[in-house]
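Student: I would like to learn how to read an interface, a fold summary and the surroundings of a single residue. Could we take them in turn?

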Amino acid sequence: MESEVLIEARSLTRRYGPTVAVDSLNLTLRKGEILGLLGPNGAGKSTTMKMLTGNLAPSAGEVLIGGQSLREEPKAAKRSLGYLPEQPPVYGELTVDEYLDYCAGLHGIERKARATAVTSAKQDCGLTEVSRRLIGNLSKGYQQRVGLAQAIIHRPPVIVLDEPTVGLDPIQIREIRSLIAELGRNHSVILSSHILPEIQAVCSRVMIVNRGRAVYNEPVTTPTRFGAIAVQFRRMPDARTLETMNGVGAVLALGDGRFRIECRDGADPREAIARAAVEGGWGLLELRAEMRSLEEIFVELTSGDATLPEAA
Amino acid sequence: MSNILNIARTESKRIFLSPLAWAVLAVVQFIMGFVFINLLVDYAANPSMDDTVGVSDYVAGSLYGFATILLLLVMPLMTMRLFAEERKANTLVLLTSAPVSVTEIVLGKFLGLLGFVGAIVVLMALMPLALNWSSDLDWGRLAAGLLGLFLMMMAFGAAGLFVSSLTREPTIAAVGSFGLLLLVWLVNILAYNDSIPFGEAFAYISLIGHFDSLRRGIFNSADVAYYLLFTSLFLWLTTQRLDMERN
């Protein structure tokens, strides 16, 4: 079942003079998804997030949050949005409690409900013991948590986090990650990062942005995302037998009974190969899909000029 | 409306949490107290100058007249942080990504600043109030003077808020708004120069002329309207400026 679309960006473009920071980027986020925005520095991640949160007007394209246009009804659209920018927007001269109470008010939480909202946000972000401290005196990691608490205090359906784990220690990073994973169950989260393991650990879907374009947009656990199969047989069959099989593209003999089989798009001939090997008595020693790790995909897509034309 | 009040409350709180506000209040009060005592001693030394000049004229007229110069110096310091510092510390995003309109942000900040303006007006009122037990004061006259001070600071504040929205450096905002205020203040110099046309218009635009009549106890709604218009103009410019920033 398709769940509700919470955030939708259509051909989002942003130009700064002659430079195009983001180029017709499409993005859809459904309820319960955690989308990781990945990209090298200057790829347009932060610009995209600024546009998604209404802090920057797109040069072209449109953003819908919960079905409401960010341009035409900014207030209604922003109500279902929580945003943690790269630098937490905290006032150092206020205490954590004062600050969160202010944010709760800004996001339209009724006066009576504010105290509960503040308490639960503090609990979620592990801030309860620093409630009365001045934010300016807290460490960077705690300030980051205060920023995060601010983004989730009104329990928005969409949470946008720009590099949420920067400046945190490894334990805090784990805590924040599990918090994000937990939030992802009931909310939709977009987070940007250039830490690949983080995206893999938390996100359900990855979008790789390079030079303002979305070059990859797939679920993290896509099983079909492999281009080749590595096989090894004890008794080498004729390479042509393999080539004639369904779904098999080119076959490259690597010697010593090893082959690298390129698959046709979307095909998975592993089962057929195994059956043929048993029937032909080829002595199958090894059969595995050459999964490309996120890192390999990332490097491949962002190092050259490669773009998947239909990645959207 | 509740958004405006919420922003205003926090803004006021943040102003009074900063040592700058207290330093400014202390310095203003010290200097004004010095001038006030001087004026009193002066008045006591020449008691029978003229029956028509009373202590209220002396205090409201001269003390509040002097206050304008001091406030011209001080208000840019109070307005410089409003937007410039938020932009510098990247905290403006908190407001711009919350479900509040730009107008609400500007009005909230401005109302918050008026909290500080109110504190100065109270301090200014306390000095003549101290004479209430030993003399008969013309409270109507003092009230006109205080209203004038309030309106003038409101205008200063709006102009400073606008300049603060232009830059990300608080010091530049302070220098800029000081320059702007001084310019609007001094524009009536042109009125004294006969070779320049529209002299009367320049005199009317100047910030200072409209305060003078209030200081003398003459309440003219045109003067009040002038300050209100001046304030609204700069508040509107600020919203335009912030709106532009998104593009």
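Tutor: What follows is a short dialogue on a predicted model.

Student: How many residues of chain B and of chain A are in contact?

Tutor: The size of an interface is often given as the accessible area lost when the parts come together. Here we count residues instead: 17 residues of chain B are in contact with 21 residues of chain A.

Student: Which elements give two or more residues to the side of chain B that touches chain A?

Tutor: They are α1 (2–17) and α5 (92–96) of chain B, and the largest share, four residues, comes from α1(B). By residue class, the side of chain B that touches chain A divides into six nonpolar, nine polar and two charged residues.

Student: How should I summarise chain A, and what part of chain A is buried?

Tutor: Begin with the elements, since chain A has ten helices and 14 strands, and then take the extent, where the C-alpha atoms of chain A fill a box of roughly 75 × 45 × 35 Å along the principal axes. Buried residues make up 40% of the 312 residues in chain A. Among contacts in chain A with a separation of 6 or more, 68% are between residues 24 or more positions apart.

Student: Is W22(B) buried or exposed, and why?

Tutor: W22(B), which lies in helix α2 (residues 19–45) of chain B, is exposed because 12 other C-beta atoms lie within 10 Å, and a residue counts as exposed at 12 or fewer.

Student: How far apart are W22(B) and E200(B)?

Tutor: W22(B) and E200(B) are 178 residues apart in sequence and 40 Å apart in space, C-alpha to C-alpha.

How values were computed. Residues numbered from 1 in each chain as written. Chains lettered and ligands numbered in written order. Predicted model: local features only at pLDDT ≥ 70, side-chain atom pairs only at ≥ 80, totals over all residues. Contact = placed C-beta atoms within 7 Å. Nonpolar A, V, L, I, M, F, W, Y, C, P; charged D, E, K, R; others polar. Buried ≥ 20, exposed ≤ 12 C-beta atoms within 10 Å, placed from the backbone.
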